[in-house]
Each structure stands twice: as structure tokens, then as C-alpha cells.
There are 2 protein chains.
Amino acid sequence: MPGEVAGPLPQKGDFSGWYNEILWQAGIIDNRYPVKGLCVWYPYGFALRKHVYGILRELMDRDHQETLFPLLIPENEFMKEAEHIKGFEDEVYWVTRGGKNQLDVPLALRPTSETAIYPMYALWVRSHADLPIRLYQIVNTFRYETKATKPLIRLREITSFKEAHTVHATWEEAEAQAEAAIGLYRAFYDRLSIPLLITRRPDWDKFPGADYTIAVDTIMPDGRTLQIGTVHHLGDHFSRTFGIRYEDEKGEQQYAFQTCYGISERSIAAVISVHGDDRGLVLPPEVAPVQVIIVPIIVGKRKEEVVEAARSLKAELVSAGYRVEVDEREIRPGAKYYHWEMRGVPIRLELGPRDIDKGVLTLVIRSGDKKEIPRKLVNSAMKEEMKLFTENLRNKADSHMRNRIKIVQGFDEAHDAIKNGVAVVSWCHQRECADILEEKTGGSILGTDIGGNMLPEIPRPCIVCGKEGTPTLLARTF
Amino acid sequence: MPGEVAGPLPQKGDFSGWYNEILWQAGIIDNRYPVKGLCVWYPYGFALRKHVYGILRELMDRDHQETLFPLLIPENEFMKEAEHIKGFEDEVYWVTRGGKNQLDVPLALRPTSETAIYPMYALWVRSHADLPIRLYQIVNTFRYETKATKPLIRLREITSFKEAHTVHATWEEAEAQAEAAIGLYRAFYDRLSIPLLITRRPDWDKFPGADYTIAVDTIMPDGRTLQIGTVHHLGDHFSRTFGIRYEDEKGEQQYAFQTCYGISERSIAAVISVHGDDRGLVLPPEVAPVQVIIVPIIVGKRKEEVVEAARSLKAELVSAGYRVEVDEREIRPGAKYYHWEMRGVPIRLELGPRDIDKGVLTLVIRSGDKKEIPRKLVNSAMKEEMKLFTENLRNKADSHMRNRIKIVQGFDEAHDAIKNGVAVVSWCHQRECADILEEKTGGSILGTDIGGNMLPEIPRPCIVCGKEGTPTLLARTF
């Protein structure tokens, strides 16, 4: 279905052209649905999604429980938290009619589920013994975007929003949960070989109704950053609004403290964008829908023998736990190579009559390397090659990111740096300095760095006012 | 969270009272969400859902591919197929506002996805080589129900609709697919030990826009039938409306033929209702979120030793592939038994100091049977007991259904039979006779039997007009 009328894939240097075209040519997303900002997942794309979210579920399930809350939120609940309304009221879709009737109470399509979940938490939380609560759900959410939409990145229906919502007895326990959530997101993106920037967003850019927001971003091929996860400490704002209270050990009623944190299909946009190349997707083996493609090289009269050998090779690898296909289509091998390279399959095994006679296989890595391996050792070779492939992906992605982060001193240098990636400046946390900085450089402040070891720790003068500042990331953002 | 203020569970003989109460007490569904007909899945209920839908996915994935289409359908697409509109227009929720703007084109929340999927199929299908297409998705769908809602059974948000949509070159291939779908649903419900009635719905009760509809029903504890799956042969109605055409081998354009078939969370309502008893859920081991609950019997000073033994027993069973919990709460054993019986856990293992000394475990089946087993043989005992448990569930459910199906000759007999279950009559397929039959008996015609071997095959005179008829099921329905 996908790719039938494809022209050549644009070079990745033309990132926007490459991105839009690869989603279709590799069978991830069809963008032709007759409503702007809504997309259709092709089966191959859905399989990629399944494996990516499989990792996320595995990590979440260690100390969270999965659940499911309704999509529709009554207007009166939605309108309870003042900051939250301000943040979302321009973006909410409203259901106003059922059949031929006008609804008495309009229903919002959840843009996020605080106002759907917290009225239930108010019923569920009674005692300190009920805490902590750590639930999550993976659902579709909706934003009436007025900006240009982009598949997987800026959508009107976010089809794959993983949102966690936790409740705790104290502010400090909620803070510890926010840190644990960042650890969890680190672990998730590590499995996808996606390097992260981790920053505390400036106050004016935090989640509506939160005490603070920590975000994880990655750098896309065009140098812009993409926010691919957020963690919010909600303090007791929502618990006061929705009446989420518990009886403490002394028998007194206390308001609870909360966090929430989310990841969307932007995680898949990151996998596609960070690892892909001019020939198509390059998928981490752990999430590749097809990990090994076997191409029988059929010449002349030994066709059946070759196909039989390919099928039995597949059976052996499948029983070893790999996702494997044999491409038996009646087209030339080159067309098959093109097809599976476009889809990012990590390893190709070619098998012809001469290979059978010699007891070998030709192994081609998605990066292009080619070697001969003994047929008998195929299982151990796969294990080794997948491991190497993953390491190489990670190293390449890490060095790509390192090359795009630049510590700068002045506005001009910052302006130049953000053409290519992220500028690190020192900033004093004041809004006025931020406004000047953004105006002079054309970048946006991501936030203050809390990501790690890449940046100098010693406070330096703010790039604008000269007062004491902290390392702050500045970039062009998606 | 669930069950905190529970009174005693009503007897199952009061099915309606029992059903509403057990959903809450067993931690399946919270029905207190502030919009009528929308429900919240508790974590335990969601885990049950995950295992049930895991079976469904496993069966579907053998020759279907999973995918995902948008929730929102533009009014112009939704309004294309005349029969379909008639069937759904009173039940559709409409999004009319985005932020503060009135939308140019109102958007329907899918009540089912034909009109979302088939415009894309029209783009995807080009040649006979593209066929068949067999895709499915598991999504939330919406019906503006005006009847009384009931959790998992009649909802305004159906949270778990598995819908498959297939495309074929000929009417006959679509018919074969419809039969394959029935086989698939048989296999699914067999895994859940739910016996089925399979009927062809009368023409006036078929899916809007279908050539014919086959439905699977089961009989609920109060004798009413519950439709738990439908399969529709769509002929070429939708392909003509949406322009789904392919080039055949002679190079001519042909309209395709289609089927669709669906299962919802009514499958879970059936598991709960058919197997449960006066003490709570009784879950088939394959879908039980907890298959084995270990209760350490803690007395006096050997507490640590007992808890340690319980944990190591759990570790052994978990590594053998079972879902196991140890209940270490500081409450009396009786309260633990009550708790886990309510949640339908198939097997309880009790373990105290004397059991440790003797090298045994006390094994209690959810049905009440109790025996001592050697600690060393716990793995093989589990395997055997789970198998027996499943067989017993199936036998009990089958005989329950057989006892509730009665072949009847006259209206009075039919009227009496449907108080308790399903009446089998002979009927001539004419609408007028159906109307009389339904009026005189108070039942509804499910359809003509195609389910199997339980019913007489020889045509007999129609119960109303005396012309030749076929075996037809009559019941009170949900």
C-alpha cells in the first residue's frame, strides 16, 4: 500500500522534505486523511509503535499500574482549575450535540486528563494508607492546533499519549517521584538510543497549574530541538481544586501532592529522525518490526531448494526469538534491498545456491557493511551484530548531539550556534533578560540544564545583565 | 481503592444487583464518573482487559494486521452511505467547536469506523494484487445512547472496540472471510470458556449497509441473551459509495467486496457474568490478572520464616510463568480469602509453620475444594489444577446454556421458555410472522440458527403461518 508511487527519497539534509516523504515511503503514517492534523497508522508503523510502547509499558509497569479513564470531560469539571483553563481553552475540541439533541453540558475531548482523573482520585483517596497512587494510561488526546500540523510531531489527534498521574502525602515525595520519572524517561530513551537534553523549563513555560516542569528534548537533524517528554510537579494546586484529601497518621485531613508526566508519539518521530539516513529508516533492533530480512537469491533451477533453505533459516531465527521475514516476491533482488532498507531493517541475509554449497550466508548490515558468515553460526552472529548495531547507533547519535551543543559567550555567537543546534549561555532566571536574549538571538530558552555532565557547573555572569547565572539552553524549537 | 465501603455482594440470583455491585467490589470498573455512560477502568479490571484482548490480538494477528485510524470523521464522509446514516444518525456525538471557533465541518466521534477507514482504502486499493486487505484496530467508539446505560454492556464510550475491516475481489471471497471471522470468534470465546449461540440476524436487524449479519450471543444468568460479537458481509455497498476499486487480471476496473466484524468489552461482561458466583468473580486462569494467591499463615515467632517461604514459593511459580502474588497485609486470613475470592483468583495456596515442617502446601480452588499437596510438586500441581479448573468452568457454562435452550411448539410454551432462556421455534423468514411471534411471546428474534449441532435440522412448519420454516432463536435480549 505505501510507497507505490514514490519518487526518490529527498536527502536527509533537506530534513523537512525527507521527514514528510519517509513517513509515507517507509509505511509509517498516511497523511492523506480528510481532516487536517489527523493521521492513519499503516500496519508497519503500528508495529513500530507497538514495540516502542512495549518498552515504555515494561518500564512503567515496574511500579505503576495501567488503567483507562474516559475521553470526554464535562465542561464544569474542565473549568475548575483556573491556570489549567488558561493553558488549554483555545485548544479544546467541544462535543455539543448528541444525535439531534443539543447537550445540556458540553463535553471536552481531553487535551490531557487531569480534569478527568482527579475527580475520581478525590473519591479514591481517603487515608495515608492509600498513598502513593501511581497510575498511567495510553490514550488518544486532542488539541485544536492553529499552527501548521506535522505527522507525529504536532497533531490534532495525538493517538498515543502515555500519561502518568501520581498522588503523594508530601511535596517532597512528589518531588522524588518527579525525579524517578526523569530516570524512567532516561531509561526509555536509552533503549531507543536517543540522547537527551534535560532542562527545567522557565516559569512562564511550565505546565498550566504546575509548581515546575522538567522536560526532555532531543536535537533533530535540522538543529531544532524537539520536546519528547515532560514531568510536572503539580504541588497541591489540583488537589485543592478537586478535593483530593487524606487522613494523616494523626487523624487530620491533609491535601495531597501530585505529579504527572507524559510521552507521546513524538518518541517515534525522534527514532525516525535521529537515526534515519538518505536511504530510509534505520531502526534500533529492539523496536524494528522486522529485525532480519532474508532475501533468497533465486537463479535457475535450484529455486525451490533456495526458498526452502531460506524458510528453514527463518524458522531457526524465529525460534531463537527474532522477528524475521523471507522476501519471496517475484521481483529483482535490488528492489527488495531498496524496500527493506527504506523500512530500516537492521540486518539482511542473502542466500543463494553458491552460499548453500559453501555453507555460508551473506550478511549485510543496514549501515552498508557486508560479510560472509558460516551458516552454522547464524544465531550467535545475529546476537553479536544486533548488539554492535545498537552500540553504533547510540555512539553516532551521541556524537551528533555533542557536535551540536556549543557553549557561547555573546549574542552573535549564540545566534550562530542555534542555526546548527543548541547554544549554552549563562542566564540569571529573570524574565526581562530572557526576553532580550530571545529577541537578540532568535532562539527560545529551553530551560536551565539539569541533564548532566556535559556543561560547566560554575555559575557565570548572565549573558544579558551580568548578574550570577546558571547554564541555560537556547535553541530553535519544534 | 475499590471495595472500601462494600456491603455484602447480592446473590447472583438477583443478577442486576449482583452485576452492578461486583464490578465495583472486585475492582473492575468505577461507575461514578461524572458523565452518564462513561466508566473508569480500575487497574485490576484493566489487567483483566489486557489478558482478554491479548488472546484476541494473538488470534487476529495470525492473518490480520493491527493499525489505527482517526477518531474524528468529517460530516461529509460520514453522510455518504444512506443506510449507514439512517442506522446511526440518532446516536452520533458531534464536535462542533474548536477552542472558541465554530468548526466549518462538524466532526463525528466514530460510532464505528467504516466511514473513517474506507476513504483510505479507496486510496490504497489499486490492483487485484493489493487484495485481500485484512486490518483491525482496537479503539474507543461512541454512541449517544438514550436507553439506560450499563457498565461494559451499554455505554456511551465503548472503550475497547476491536473492529476488523477486510477487502476482497469477489462476493464469495468476502463470504469466506465472514465464515473465517466466525471461526475466529468461536476460538476466542472458547479460550474464555463462554458458550455461544450463532445466528443469522433477520434482515431488518442487520448492520446498516450490510448484505447480511451473523451474530454471536451468550445467555446471561437472568436468561436474557447478550450479543457479544457481530460479523457483517458488506457486499459492494460501501465500495461503490467510497470508490474502492481494483484493476482485475484483464485490466478492467471492478468494485471490491468487503466485510467487517467487531467485538467489544461485552466480552468481559460475559466472562464476569457467565462464570461468577455468589462470592465474586471466577476467572479463567488464562485471563486472571492473579492466577495464584499465596497467603502466609503467620502465627507467633516463625513469622519471618513463613513470609520468606511464601516469597520463595512465589519466585518459583513466577519463573514457571504464572502470575502470582503474596498477600502480606496485616489483616486476618479470612479477610484475605474474601478479598481474593471476590477477584476470582483460581488458586489459593496457604502456607504456615506446620506446612513448612511437613513439606506441604494447602491448595484451595476457587470453587471451594481444598487439598494438601507436596511442596516439591507445586509446579506440576499448578499445571494440572489450572487445566481442571478451566475444564470445569467450560462444562459448567455449557450445561448452564444447554439447560436454558428449549425447543417449543406454541406461543405459550415459547413465552414461558424465554423467561428462563432461549426458545427455539420454527419460522418462515417473513416479517409479518416475526411481528406476531414477538408480540405473542414478548421475545425478540435473535435469528436463524447457524451455530451447530444442538438443534434439529429438518425444517418444520412456521410457528405462526405453518409454511416451511427453519430453526430460529427467540429470547429476551440485553
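Q: What makes β16 and β19 the edge strands of the five-stranded sheet in chain B?
A: In this predicted model, five strands of chain B form an open sheet with mixed pairing, in the order β16-β15-β17-β18-β19. The strands β16 (324-326) and β19 (370-374) of chain B each pair on one side only, and they are the edge strands. On average, neighbouring strands of this sheet are turned by 25° against each other, direction ignored.

Q: How do you know that strands β17 and β18 of chain B pair?
A: Pairing requires at least two bridges between the strands. Strand β17 (residues 347-351) and strand β18 (residues 360-365) of chain B have four bridges, in the antiparallel sense, so the criterion is met. Within this pair, B:L349 has B:L363 of β18(B) as its bridge partner.

Q: Why is B:E77 called buried?
A: The term applies under 20% relative accessible area. B:E77 has a relative accessibility of 10%, and therefore it counts as buried. This residue belongs to helix α3 (residues 75-78) of chain B. Apart from neighbours within four places in sequence, B:E77 is in contact with A:P34, B:T115, B:P119 and B:F242.

Q: How do you know what kind of axis relates chain B to chain A?
A: Chain B is superposed on chain A by a rotation of 180° with 0.0 Å of shift along the axis, at an RMSD of 0.0 Å. The two copies are therefore related as by a two-fold rotation axis. In chain B, the residue that comes closest to the rotation axis is B:V95, at 2.1 Å (C-alpha).

Q: Why are the copies said to meet through the same surface?
A: Of the interface residues of chain B, 100% are also interface residues in chain A, so the copies meet through the same surface.

Definitions and conventions:
Residues are numbered from 1 along each chain as its sequence is written. Chains are lettered from A and ligands numbered from 1 in the order in which they are written. This is a predicted model: local features need pLDDT of at least 70, side-chain atom pairs count only at pLDDT 80 or more; totals for chains, interfaces and linings use all residues. Side-chain values use heavy atoms; hydrogens and water are left out. Helices (H or I, at least four residues) and strands (E, at least two) are DSSP runs, numbered from the N terminus. Buried means under 20% relative accessible area, exposed over 50%, partly exposed in between (1.4 Å probe, protein chains only). Contact means heavy atoms within 4.5 Å. Copies are superposed by least squares on the C-alpha atoms of residues with pLDDT of at least 70 in both. Axes are lines fitted to C-alpha atoms, for helices over the stretch in contact, and angles run from 0 to 180 degrees between N-to-C directions.
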